[in-house]
Amino acid sequence: MLIRKPNPIRSSEITSKDNYLNRREFIRAGAASGAIAGASLSAPAALAAVIPDEPLAKLADIRKPSPFSTDETLTSYDDVTTYNNFYEFGTGKDDPHRNARDFEPQPWSIKVDGHAENTGTFHLEDFVKPHTLEERIYRMRCVEAWSMVIPWVGIPLADVLKALKPTSKAKFVAFETLYDPKRMPGQRRRVLDWPYREGLTIAEAMHPLTILAVGLYGEVLPNQNGAPLRLVVPWKYGFKGIKSIVRIRFMSRMPQTSWNLSAPHEYGFYANVNPEVDHPRWSQARERRIGSGLFAAKQPTLMFNGYAEEVASLYDGLDLRRNY
Ligand code: MTE
């Protein structure tokens, strides 16, 4: 839902989308032959992602290919960054990239509280720096029945949470977006009960598919995609992927979440992608892949967005029809 300030980095230093795609092919071929995967793994850690005067190309250099990535065709950079949901910057799909142009996501800090040993307020750099950035190419399925394939750059949420040392009382993790109506004009209207809030069970948060993204397409995260730090949980509807996170809280009880508060009969806490459980106002059986053309046939939606093998066991004993 928004855009970035004029960039101090020369455009020649930024990995072009063509280079990005060529490089990705190169990495994939190398990884398949075992030739360069090791080199990628030993690359330096994450700081370039969050220091604005570092060349963005470095972010591309420290990506690590992941076995969790899909090889489906990527949604174009233009679509990923101009068709957004980020109500803090407006409710239209093209509002965020226009209205977030001047949003400044630096400096940024994250408050950690609740049932953990390492609570307090952390600078974004300190939060991200100890962990290794990875590229994760994931499908994203919005509850509105459209989808994309996005090459995120991020860190496993589990790595971050383990460093914060949750206690045995921590059964859930709650997240909050920045509340600042001066900088986020959409918050001047009460379309949601601000700040935007989301949550996961501790098992979902610790799952290796769950990441905190700091970039996409090898670049730092554009404002409209949730700069500087957003959640990505690929087997859940996109609204679980809370953007511009400023608070992480370890809780013993299920946290309240924005969309569940706004329309409890339409948006559950779990919100796992499920083609068999329709939204009260539309079918969830099929989805429109953004960029596939206005007249392209919708494609079938997959259980858990295609990640059932990895995550279905998290929900053993849960009635998926009720807790979608
Ligand atoms: N996070 C915040 N803070 N505010 C929002 O309005 N929208 C959600 C999610 N995260 C939203 C948010 C919804 S509905 C979707 S589908 C995804 O962000 C969209 O992410 P994208 O714009 O990067 O594609």
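In this predicted model, A145 is buried, with a relative accessible area of 10%. Its phi is near 80°, a positive value in a residue other than glycine. A145 sits in the loop that runs between β3 (134-141) and β4 (146-156). F304 also has a positive phi, near 50°, and is not a glycine. This residue belongs to the loop between β12 (299-300) and α10 (308-311). F304 is buried, at a relative accessible area of 3%. Most residues other than glycine have a negative phi, and most peptide bonds are trans.

Two cis peptide bonds can be described alongside these residues. One runs from Q106 to P107, with omega near -10°. P107 lies in the loop between α5 and β1 (109-114). The other runs from W194 to P195, with omega near -5°. P195 is placed in the loop between β5 (172-177) and β6 (197-201).

The chain as a whole comes next. It contains ten helices and twelve strands. Of its 324 residues, 52% are buried. Contacts with a separation of 6 or more were also examined. Among these, 73% join residues 24 or more positions apart. The chain exposes about 14,300 Å². Carbon and sulfur atoms supply 52% of that area.

The ligand is surrounded by 17 residues. N84, Y87, E88, G241 and K243 come nearest. By class, the shell holds eight nonpolar, six polar and three charged residues. Several side chains place polar atoms beside ligand oxygen atoms, including those of N84, N225 and R230. For N84, the distance from a polar side-chain atom to a ligand oxygen is 2.9 Å. In N225, an N or O atom of the side chain lies 3.0 Å from an oxygen atom of the ligand. For R230, a polar side-chain atom is 3.0 Å from a ligand oxygen. On its own, the ligand has 530 Å² of accessible area, and the protein covers 98% of it.

N84 merits a closer look. It is located in the loop between α4 (77-82) and α5 (95-99). Its relative accessible area is 4%, under the 20% limit, so N84 counts as buried. The side chain of N84 has a partner within the protein as well as in the ligand. A polar atom of this side chain lies 3.0 Å from the backbone oxygen of V80.

Salt bridges were then searched for across the whole structure, and 16 were found. One of them joins the side chains of E72 and R139, at 2.6 Å from N to O. E72 lies in the loop between α3 (57-61) and α4, whereas R139 is in strand β3, so the pair ties together parts that are 67 residues apart in sequence. The two partners fall into separate accessibility classes. E72 is partly exposed, at 26% relative accessibility. R139 is buried, at 11%. Both residues belong to a network of salt bridges that also links R141, E287 and R289.

Another salt bridge is formed by the side chains of D113 and R247, again at 2.6 Å from N to O. This pair links distant parts of the chain. D113 is in strand β1 and R247 in strand β10 (residues 245-251), 134 residues apart. Both D113 and R247 are buried.

A further salt bridge brings together the side chains of D94 and R98, at 3.5 Å from N to O. D94 is partly exposed, with a relative accessible area of 39%. R98 is partly exposed as well, at 37% relative accessibility.

Key. Residues numbered from 1 in each chain as written. Predicted model: local features only at pLDDT ≥ 70, side-chain atom pairs only at ≥ 80, totals over all residues. Heavy atoms only, no water. Near = heavy atom within 4 Å. Polar contact = N/O pair within 3.5 Å; in protein donor to acceptor, adjacent residues only side chain to side chain. Areas by Shrake-Rupley, 256 points an atom, 1.4 Å probe, with all protein chains shown as cover. Nonpolar A, V, L, I, M, F, W, Y, C, P; charged D, E, K, R; others polar. Helix = DSSP H or I, 4+ residues; strand = E, 2+ residues; numbered from the N terminus. Buried < 20%, exposed > 50% of the residue type's maximum accessible area, 1.4 Å probe, protein only. Contact = heavy atoms within 4.5 Å. Salt bridge = Lys/Arg side-chain N within 4 Å of Asp/Glu carboxyl O.
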